[in-house]
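I opened the model today to see how its chains fit together. These are my notes, in the order I looked things up.

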Amino acid sequence: MAGVTLDTVRKIYAGNVEAVKGVSLGIEDGSFCVLVGPSGCGKSTLLRMIAGLETISGGDIKIGDRVVNQVEPADRDIAMVFQNYALYPHMSVYDNMAYGLKNRKTPKDEIDKRVKEAARILAIEPFLDRKPRALSGGQRQRVAMGRAIVRKPQVFLFDEPLSNLDAKLRVQMRVEIKRLQKALGVTSVYVTHDQVEAMTLSDKLVVMSGGQIEQVGTPSEVYRRPETRFVATFIGSPPMNILPGKVEGPGRVSVGGQTIAVTDMRDGLTPGSAIEVGLRPEDVQAGGGAGSSSIAMDVDFVEELGATQLFHGKVAGTEFVVQASTGQIAADTRKLTLSIDPANVHLFDPQTTKRLGRD
Amino acid sequence: MEKRAHFSGWTLPLLLILPQMAITVIFFYLPASQAIWQSFLREDAFGLASEFVGFENYIALFEQPEYYRAMITTVIFSTLVAFFSMSIALLLATQADKSIRLAHGFKTLLIWPYAVAPAIAGVLWMFMFHPTLGTLGRPLNVMGFNWNPMLDGTDAMILLVFSATWKHISYNFLFFLAGLQAIPKSVIEAGAIDGAGPLRRFWTIIFPLLSPTTFFLLVVTIVYVFFETFGIIDAVTGGGPAGTTTTLVYKVYADGRSGGDLGLSAAQSVVLMVIVISLTAIQFRYVERKVQY
Amino acid sequence: MVENRPFRDFMAYLTLVIGVIIVAFPVYLAIMASTFDTATIINGNMPLTPGDQAPENYTRALFYGGKLAREPVSMMMMNSMIMALGIAFGKILISILSAYAVVYFKFPFRKTAFWVIFITLMLPVEVRIYPTYKIVADLGLLDTYTGLIMPLIASATGTLLFRQFFMTVPDELLEASKIDGAGAFRFFKDTLLPLSMTTIAALFVIQFIYGWNQYLWPLLITTKSSMQTIVIGIKKMITTTDALTEWQIAMTTAVLAMVPPVLVVIFMQRLFVKGLVETEK
């Protein structure tokens with residue numbers, strides 16, 4: 001098995017459209033790396049370049065120690081699971097999984113052993129003789145995975161494999177993919193636009209936007225310390241609130257005249273200069289608390305989510321959302337005083353949108 | 001529309017496309033360009049030398065009264081066949097579209113004449129309307145209609161229109177039925193709720209929505225009458241009596257057979273090509289949607 | 001919908017039944033005529049119920065021929081069959097290959113090649129009949145099956161049909177094949193060809209009927225009676241002025257000529273409709 005290394009990889013399409021703008025990334029052997037971002041951010045293009053389905057306009061891609069820029073997909077020792085599964089409709093489940101091995105002249109009994117093994121792991125043994133159209137969405141998904149597993153490749157590539165499934169099945173398959181990857185220990189690169197999928201699956205989370213990497217880290221690093229305003233609002237649901245504010249002094253900012261203390265703030269910011277203050281809906285509490293700052297919020301309406309409630313309203317004239325456990329705040333509350341832990345405040349530069357935290 | 005994924009290399013694709021290219025060039029482009037070239041030449045009496053004469057062949061052609069007659073015959077023939085085959089087909093299609101039992105069986109019973117060769121269709125109708133022995137032709141004469149398609153030009157044309165219509169109803173029926181079935185039921189239901197009766201619904205909702213199909217079938221039917229009815233004409237009337245059923249295509253054939261002027265014959269072919277290309281160009285608006293190269 | 005149905009349905013049945021009778025009657029007459037002798041037909045009062053001459057007529061037509069066209073109809077049918085199958089298979093073969101090239105490869109002049117083929121949609125063989133005849137004659141292909149078949153497979157319908165189908169095959173299938181180690185040949189053989197079977201069958205049905213029913217082209221290039229097709233043969237059995245016409249043999253031949261293509265339409269109706277709608281639209 002092997003890791004994947006990208007070195008300033010570029011993709012320029014006809015008409016000078018730069019889909020991927022010099023991406024460098026190291027994916028460790030055996031890790032589960034998820035590329036997440038909105039549609040058109042270049043994540044799928046990047047994955048397809050690793051697969052060899054798109055040519056590379058610049059930079060290098062290495063699988064293990066081998067530069068594979070000019071290597072055909074079949075010779076890269078990768079396997080891919082497609083969004084629409086791309087099963088061969090005229091072949092049985094067994095033949096779908098065996099096809100890649102047959103083309104590689106693997107001995108018959110070896111093929112049989114591997115296909116049966118994969119079918120057992122994925123619990124699709126009863127369907128081996130069926131055609132894909134006689135399978136449910138979840139079963140097709142398993143066959144697509146099986147086709148990848150039997151090859152025993154160095155790298156698994158997943159291109160939004162769960163987006164054609166209904167919500168319940170998606171959660172179930174997500175857990176299975178994670179379990180399978182851990183069991184097999186094969187380096188995996190997984191593309192999705194769903195941040196929940198991204199958070200739950202990844203060892204290494206790569207957030208992309210506009211053909212560039214915004215941030216790389218473990219899911220909790222990315223969640224706790226978003227490096228840019230884009231990452232802050234993209235990861236987390238409901239998204240982080242961003243309020244316009246001003247620098248008051250070291251460790252202090254103000255929003256609409258209310259002072260907020262901040263733990264993670266860069267030194268030397270000019271007092272009075274504009275700054276963006278990010279607060280996660282789940283990080284603010286109702287009611288004043290000792291050792292924390294407080295701000296006032298006008299509530300417009302409440303969304304009931306069962307276990308939690310979302311209070312929508314305004315803080316200093318800007319839209320603001322608070323998430324609270326049901327019953328914690330009376331649903332007819334119109335004015336809230338929110339207490340804020342200094343450790344939960346994120347600051348961003350309004351111009352560069354970069355985080356203004358300690359280095 | 002383009003595929004995202006391709007194979008690389010160009011010798012293999014060129015090999016793959018070669019057979020079709022070769023056949024197309026040899027049996028299509030070569031003859032077509034020869035026809036165009038020849039239409040500007042005149043051969044001497046012995047067929048030994050030829051000279052370039054510009055548009056003289058075309059001028060000579062349009063000065064022939066027979067050519068005008070063939071043109072008028074073609075127009076009358078196409079108009080009648082288009083009208084009858086399309087209206088009968090539409091009537092049958094609207095009935096078969098109703099949710100009645102046996103609808104599928106009726107469809108099968110109505111479409112098979114498509115498979116009958118035009119020449120055979122002509123022979124069948126000629127037999128049925130034979131003036132002395134036909135099951136329908138003889139009674140006509142007994143009743144005193146003086147029916148004889150072998151001697152009377154009008155009778156001959158009527159017989160041709162019958163045969164050609166008979167053969168083409170199935171085609172138009174099939175496309176009209178498909179067109180009708182493609183109209184969303186909800187639109188018709190909305191019309192019913194708005195108080196339109198069945199006949200009114202047909203003329204104000206269904207017929208307008210069917211107009212692309214109707215237009216497509218009109219063009220196809222005209223092309224059919226121009227070219228494919230050759231077999232019917234040759235089998236039934238041979239262009240007669242006295243040239244009354246000679247269409248443009250039949251004239252090309254008959255002139256060439258009697259060993260007429262090559263340049264004149266080529267000019268006739270070119271005129272036909274222009275007509276088909278114009279018809280196809282009109283239809284191209286619809287073809288365009290599937291061909292986006 | 002709630003509507004006064006009984007009358008409406010009655011009208012629908014009535015119209016359709018009349019339609020079916022009109023469509024079927026000429027063929028019914030031909031079948032009846034194939035069961036009588038010449039005298040019964042000539043006197044003009046042919047009964048509308050079958051006679052007893054069918055075995056005699058069909059045996060004579062199939063194996064001995066009539067007085068005017070002396071070749072046995074079985075031989076003509078063989079010629080028609082060879083021509084129809086040749087056209088159907090020939091067209092399928094050359095058009096699936098060219099469509100594969102145009103859709104799945106990028107090569108120089110690809111668009112030009114596509115247009116060169118596409119233009120041929122516009123000109124039926126009837127328009128270019130004599131120049132084509134001359135070329136076939138120059139190539140020494142008069143009175144040959146090759147000469148009968150080749151010029152009729154030079155058309156774009158098949159290529160367009162396959163191209164249209166290939167465009168609906170998901171790109172991911174090719175990508176998955178590439179990852180599975182299949183090249184251009186393997187992808188065609190293992191994936192594209194099996195998936196194209198319905199399209200191939202539909203095109204086959206349409207082209208078989210087209211080939212079987214050809215008239216003008218075989219009329220021109222076959223001079224030997226041993227090369228005659230059945231559709232041409234039947235014409236020679238009928239003379240308009242002469243009492244020599246053996247109507248019972250002509251009608252027997254007409255029935256025989258209709259059997260293969262009509263059976264194809266009836267038994268492969270689904271494929272026939274698919275082929276017709278997709279090649280023309």
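I looked first for the largest nonpolar core, and it has 266 residues. For such a core I count buried Ala, Val, Leu, Ile, Met, Phe, Trp, Tyr and Cys residues joined through C-beta atoms within 7 Å. I call a residue buried if 20 or more other C-beta atoms lie within 10 Å of its own, exposed if 12 or fewer, and partly exposed in between, with C-beta atoms placed from the backbone. Ile120(B), Val123(B) and Ala254(C) have the most contacts inside this core. Its largest share, 17 residues, comes from helix α4 (residues 73-104) of chain C. I take helices (H or I, at least four residues) and strands (E, at least two) as DSSP runs, numbered from the N terminus. Chain A takes part as well: the core draws at least three residues from each of its domain 1 (4-226) and domain 2 (238-348). Those domain bounds come from an automatic or database domain assignment.

A note on the source: this is a predicted model, where local features need pLDDT of at least 70 and side-chain atom pairs count only at pLDDT 80 or more, while totals for chains, interfaces and linings use all residues. Residues are numbered from 1 along each chain as its sequence is written, and chains are lettered from A and ligands numbered from 1 in the order in which they are written.

Next I checked Ile120(B). Which residues is Ile120(B) in contact with, leaving aside its neighbours within four places in sequence? I found Val231(C), Ile234(C), Ala254(C), Ala257(C) and Met258(C). Contact means C-beta atoms, placed from the backbone, within 7 Å.

Then I turned to the sides of chain C. Toward chain B, 86 residues of chain C are in contact with 81 residues of chain B. Helix α1 (residues 5-33) of chain C gives the most to this side, 13 residues. By class I noted 65 nonpolar, 12 polar and nine charged residues. Here Ala, Val, Leu, Ile, Met, Phe, Trp, Tyr, Cys and Pro count as nonpolar, Asp, Glu, Lys and Arg as charged, and the others, Gly among them, as polar.

Toward chain A, 14 residues of chain C are in contact with 17 residues of chain A. On this side of chain C, α9 (171-179) and α10 (184-195) each give two or more residues. The largest share, six residues, comes from α9(C). I noted seven nonpolar, two polar and five charged residues there.

Last, I looked at chain B alone. I listed 13 helices and two strands. Buried residues make up 42% of its 293 residues.

Note on methods: Contact = placed C-beta atoms within 7 Å.
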